[in-house]
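Trainee: I would like to go through this structure step by step. Please answer my questions with the reasoning included.

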Amino acid sequence: MAKVRRKRHTYTSAQRNAILAAAKKGGLTALQVKRKFGVTPVTYYSWRKKQGLTRRRGTVGLVVGGAANLTQHVQSEVRARVRQLMPGIVRNEVSGYLRQLFGGSKGRTRKV
């Protein structure tokens, strides 16, 4: 027995905004939005993403500007942390190689 498909519904920009506003105001889940407005969860989440209303788990508030803004923020934080840690890592690595080449124990320098 074939499944009966619903006719695809096209929503205007005003209708999408009204549904998103009602869902946000009521704190509705995607399933509740489907029951109340007939919008599939995939469509609902797509609308939210396009408007920059998505939120990652473990974060507080909205991701302003969408994923691109978040990506830029994370990249800049990682770069700053790498710049901070890199000198110490290089110093330790170079010291280790020099100890291997010229001998000597950790923490002790040889006088020439």
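Trainee: How many helices and how many strands are there in the protein?
Mentor: This is a predicted model. From the N terminus on, its elements run α-α-α-α. The count is therefore 4 helices and 0 strands.

Trainee: What percentage of the residues of the protein count as buried?
Mentor: To count as buried, a residue must have under 20% relative accessible area. The protein has 112 residues, and the share of them that count as buried is 12%.

Trainee: How far apart are the end C-alpha atoms of α1?
Mentor: Helix α1 has 14 residues. At 1.5 Å a residue, they should span 20 Å. The distance in the model agrees with this, because the end C-alpha atoms are apart by 20 Å.

Trainee: Do the buried residues of α1 line one face or lie scattered, and within what arc do they fall?
Mentor: The buried residues of α1 are Ile19, Leu20 and Ala23. An α-helix has 3.6 residues a turn, so residues three or four places apart point the same way. Seen down the axis of α1, the buried residues line one face, because they fall within an arc of 95°.

Trainee: Which exposed residues does the face of α1 turned away from its buried side carry?
Mentor: The buried residues of α1 pack against α2 (30-37) and α3. The face turned away from that buried side carries the exposed residues Ala14 and Lys25.

Trainee: Which element gives the largest share of the largest nonpolar core?
Mentor: In soluble globular proteins, nonpolar side chains tend to be buried together. The largest nonpolar core here has 9 residues in all: Tyr11, Ile19, Leu20, Ala23, Ala30, Val33, Val39, Tyr44 and Trp47. The elements that give two or more residues to this core are α1, α2 and α3. The largest share, 3 residues, comes from α1.

Trainee: Leaving aside neighbours within four places in sequence, which residues is Val39 in contact with?
Mentor: Val39 is one of the residues of the largest nonpolar core. With its neighbours within four places in sequence left aside, Val39 is in contact with Tyr11, Ile19, Val33, Lys34, Tyr44 and Trp47.

Trainee: Is the pair of Tyr11 and Trp47 stacked, tilted or edge-to-face?
Mentor: A search of the whole structure finds 2 aromatic pairs. In the pair of Tyr11 and Trp47, the ring centres are 5.2 Å apart and the planes stand at 80°. Planes over 60 degrees apart count as edge-to-face, so this pair is edge-to-face.

Trainee: How many residues apart are Tyr11 and Trp47?
Mentor: Tyr11 is buried, and so is Trp47. Tyr11 lies in the segment before α1 (13-26), and Trp47 lies in helix α3 (residues 41-50). The pair links distant parts of the chain, and the separation is 36 residues.

Trainee: What kind of pair do Tyr44 and Tyr45 form?
Mentor: Tyr44 counts as buried at 5% relative accessibility, whereas Tyr45 is partly exposed with a relative accessible area of 45%. Their ring centres are 5.5 Å apart and their planes are at 50°. Because of that angle, the pair is tilted.

Trainee: Which residue's backbone oxygen does the side chain of Ser76 reach?
Mentor: Ser76 is in helix α4 (residues 67-102). At 37% relative accessibility, Ser76 counts as partly exposed. At 2.9 Å, its side chain reaches the backbone oxygen of His73.

Notes:
Residues are numbered from 1 along each chain as its sequence is written. This is a predicted model: local features need pLDDT of at least 70, side-chain atom pairs count only at pLDDT 80 or more; totals for chains, interfaces and linings use all residues. Side-chain values use heavy atoms; hydrogens and water are left out. Rings of Phe, Tyr and Trp (its six-membered ring) pair if their centres lie within 6.5 Å; planes under 30 degrees apart count as stacked, over 60 as edge-to-face and the rest as tilted. Buried means under 20% relative accessible area, exposed over 50%, partly exposed in between (1.4 Å probe, protein chains only). The expected span of a helix is 1.5 Å times one less than its number of residues. The arc is that of the directions from the helix axis to the C-beta atoms. Contact means heavy atoms within 4.5 Å. A polar contact is a pair of N or O atoms within 3.5 Å; within protein, one must be able to donate a hydrogen and the other to accept it, and residues adjacent in sequence count only if both atoms are side-chain atoms. A nonpolar core is a set of buried Ala, Val, Leu, Ile, Met, Phe, Trp, Tyr and Cys residues joined through side-chain atoms within 4.5 Å.
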